[in-house]
Amino acid sequence: PVLDTEDAWVSVEGPVSIVELALEQKRIHYPLVEHQFVLCTILYAIMRLSLKGVKPLSLFDSKGKNAFFKDLTSIQLLPSGDMDPDVLSIRQQFLLKVVSAAVQTLCSSQKDKEVSEEEYFPFEKGKNWPTLAADLAQYLQISEDLVRRHYVCELYSYGMDHLGEE
């Protein structure tokens with residue numbers, strides 16, 4: 001972009017303006033940032049839902065693992081559309097664990113009539129873990145319908161038929 005400046009400001013001496021510093025920065029590679037976001041979401045789900053035995057880096061292939069340790073401005077080879085079936089299976093199991101743990105947490109908090117969902121997750125008002133898992137399924141190349149069907153089955157198995165029907 002072209003920055004027009006007045007003549008009075010041209011002769012001013014001092015530190016470089018923040019606008020000029022921002023324009024000198026390298027552009028980030030957005031797919032790499034998105035890849036990092038997926039990892040952060042996975043780590044947060046593992047922590048928040050207390051999932052045991054999940055190895056977050058096992059959800060990524062070798063290209064995906066290598067991309068985590070690169071500069072965000074570098075253009076990296078990210079995982080392509082062809083994925084190893086074993087990695088896809090691990091991803092699917094992980095997403096189903098997230099949904100199961102979210103429904104179990106919801107049911108246990110509703111059994112305690114005194115504790116609402118907002119009080120159980122105080123900093124996550126409006127956070128819907130099953131929906132987040134379905135959104136994450138797109139990035140992880142897993143069928144969203146599979147995740148949603150598992151969510152409905154979990155709701156029915158915990159006796160929350162009114163939510164399952166919705």
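**Entry 1. Contacts of T41**

I looked up the neighbours of T41 in this predicted model. Setting aside residues within four places in sequence, I found T41 in contact with L132 and L136. T41 itself sits in helix α3, which spans residues 30–48. I then asked whether T41 is buried or exposed. Its relative accessibility is 9%, so I recorded T41 as buried, the cut-off for that class being under 20%.

**Entry 2. The cavity beside T41**

I next searched for enclosed space and counted one cavity of 30 Å³ or more. Its volume is about 50 Å³. Which residues line the largest cavity? I listed T41, A45, F94, L95, V98, W129, L132, A133 and L136. The elements that contribute two or more residues to this lining are α3, α5 (85–111) and α7. I noted that α7 gives the largest share, four residues. Both contact partners of T41 from my first entry, L132 and L136, appear in the lining, as does T41.

**Entry 3. Helix α7**

Given its share of the lining, I examined helix α7, residues 129–139. Which of its residues are buried? They are W129, P130, A133, A134, L136 and A137. These residues lie on the same side of α7, because the arc they cover around the axis is only 160°. For background, I noted that an α-helix has 3.6 residues a turn, so residues three or four places apart point the same way. W129, A133 and L136 are among the buried residues of α7 and are also included in the cavity lining. After α7 comes Q141, and I recorded a positive phi for Q141, near 60°.

**Entry 4. L96 and its distant partners**

I turned to L96, which is placed in helix α5. Not counting residues up to four places away in sequence, L96 touches L146, V147 and H150. L96 and L146 are 50 residues apart along the chain, yet I read 8.7 Å between their C-alpha atoms. For the protein as a whole, I took contacts between residues at least 6 apart in sequence and found that 70% of them join residues at least 24 apart.

**Entry 5. Salt bridge**

How many salt bridges does a search of the whole structure find? I found one. It joins R148 to E144, with the closest N and O atoms 3.2 Å apart. R148 and E144 are separated by about one helical turn, because they are four residues apart in helix α8 (residues 144–157). I also checked the accessibility of each partner. R148, at 40% relative accessibility, counts as partly exposed. E144, at 24%, counts as partly exposed.

**Entry 6. Overall architecture and confidence**

I counted nine helices and zero strands in the protein. Read from the N terminus, the elements run α-α-α-α-α-α-α-α-α. The protein has 166 residues, of which 30% count as buried.

Finally, I consulted the confidence of the prediction. The mean pLDDT of the protein is 82, and 84% of its residues reach 70 or more. Which elements have the lowest and the highest mean pLDDT? Helix α6 (residues 117–120) has the lowest, 50, and α3 has the highest, 91. I noted beside this that α3 is the helix that holds T41, with which these entries began.

Conventions. Residues numbered from 1 in each chain as written. Predicted model: local features only at pLDDT ≥ 70, side-chain atom pairs only at ≥ 80, totals over all residues. Heavy atoms only, no water. Buried < 20%, exposed > 50% of the residue type's maximum accessible area, 1.4 Å probe, protein only. Contact = heavy atoms within 4.5 Å. Salt bridge = Lys/Arg side-chain N within 4 Å of Asp/Glu carboxyl O. pLDDT = per-residue confidence, 0-100. Arc of directions from axis to C-beta. 1 Å grid on protein atoms, 1.4 Å probe; cavity = no way out; pocket = protein on both sides within 12 Å on 5 of 7 lines; lining within 4 Å. Points joined across faces, edges and corners; volume = space filled by probe spheres on them.
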